[in-house]
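Reader: Got a minute to go through this one with me? I'd like to start with the pockets and then look at the fold.

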Amino acid sequence: MIELKKTYTCLLPYNADFHFIVVGVGGTGGYLVPNLARMISVINQAKNKRHSLTLVDGDEVETKNLTRQNFIQSDLGKNKAEVMARRYANAFGIPITSVAKYLETPRDLFEVVSTGHPYDIPVIIGCVDNNKTRQIIHEYFFWAMERKRVIWFD
């Protein structure tokens, strides 16, 4: 027998500002970030918005990452979130926050979400390659849905 989870609906205000949080900026996240940063920059300028972006990853760039991830030789040994934040904040002229650690508990994600403006709607984008972190995001999401608006893409 299949057990279905409760479904939540969330109406978003037209003029909402969003706090985009990308968890994992290696393979998938590393290629999402430049496009997301570009979109945020264009919308913020054209619509006078204040969407924000935070990148979360505890991993460092290794030689093996250079063949399939969006990193270059000079990034070796540096934290992936910090590299991406610095690179695309400079490229698109927007502030990008980096969190150079792994999510160990839903509380860790709560702290990241709390760095945004209190009225921003968090948009969590999971680009992780492990089930443990995906489960942490899942637990946070269902806890948060009871209390505030939150969006999660995985």
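Reader: Which residues line the second largest pocket?

Author: Keep in mind that this is a predicted model. The lining of the second largest pocket consists of Tyr14, Asn15, Ala16, Phe18, Ile43, Lys47, Lys49 and His51.

Reader: And how many of those are nonpolar, polar or charged?

Author: The lining of that second largest pocket splits into 4 nonpolar, 2 polar and 2 charged residues. Its space comes to about 160 Å³.

Reader: OK, now the largest pocket. How much space lies in there?

Author: About 420 Å³. It has 24 lining residues, and those closest to the centre are Gly24, Asp57, Cys127, Val128 and Asp129.

Reader: What's the mix of nonpolar, polar and charged in the lining of the largest pocket?

Author: For the largest pocket you get 10 polar, 8 charged and 6 nonpolar residues.

Reader: Which helix gives the most to that lining?

Author: That would be α1, spanning residues 27–47, which contributes 3 residues to the lining of the largest pocket.

Reader: Switching to the fold. How many helices and strands are there in the chain?

Author: The protein chain has 5 strands and 4 helices. Going along the sequence, they come in the order β-α-β-α-β-α-β-α-β.

Reader: What about the radius of gyration, and what would a compact globule have?

Author: The protein chain has 16 Å, and that agrees with a compact globule, because one with 154 residues would have a radius of gyration near 15 Å. Along the principal axes, the C-alpha atoms fill a box of roughly 45 × 45 × 25 Å.

Reader: How much of the chain counts as buried?

Author: 44% of the 154 residues do. As for the accessible surface, the protein chain has about 9100 Å², with 54% of that belonging to carbon and sulfur atoms.

Reader: And what share of the contacts is between residues 24 or more positions apart?

Author: Among contacts with a separation of 6 or more, such pairs make up 67%.

Reader: One last thing, Pro118. Where does it lie?

Author: Pro118 is in the loop that runs between α3 (106–113) and β4 (121–126).

Reader: Is Pro118 buried or exposed?

Author: Pro118 counts as exposed because its relative accessible area is 68%, and the cut-off for exposed is over 50%.

Reader: How far apart are the C-alpha atoms of Pro118 and His19?

Author: They are separated by 9.8 Å, while along the chain Pro118 and His19 are 99 residues apart.

Notes: Residues numbered from 1 in each chain as written. Predicted model: local features only at pLDDT ≥ 70, side-chain atom pairs only at ≥ 80, totals over all residues. Heavy atoms only, no water. 1 Å grid on protein atoms, 1.4 Å probe; cavity = no way out; pocket = protein on both sides within 12 Å on 5 of 7 lines; lining within 4 Å. Points joined across faces, edges and corners; volume = space filled by probe spheres on them. Helix = DSSP H or I, 4+ residues; strand = E, 2+ residues; numbered from the N terminus. Nonpolar A, V, L, I, M, F, W, Y, C, P; charged D, E, K, R; others polar. Rg over C-alpha atoms; globule rule 2.2 N^0.38 Å. Buried < 20%, exposed > 50% of the residue type's maximum accessible area, 1.4 Å probe, protein only. Contact = heavy atoms within 4.5 Å. Areas by Shrake-Rupley, 256 points an atom, 1.4 Å probe, with all protein chains shown as cover.
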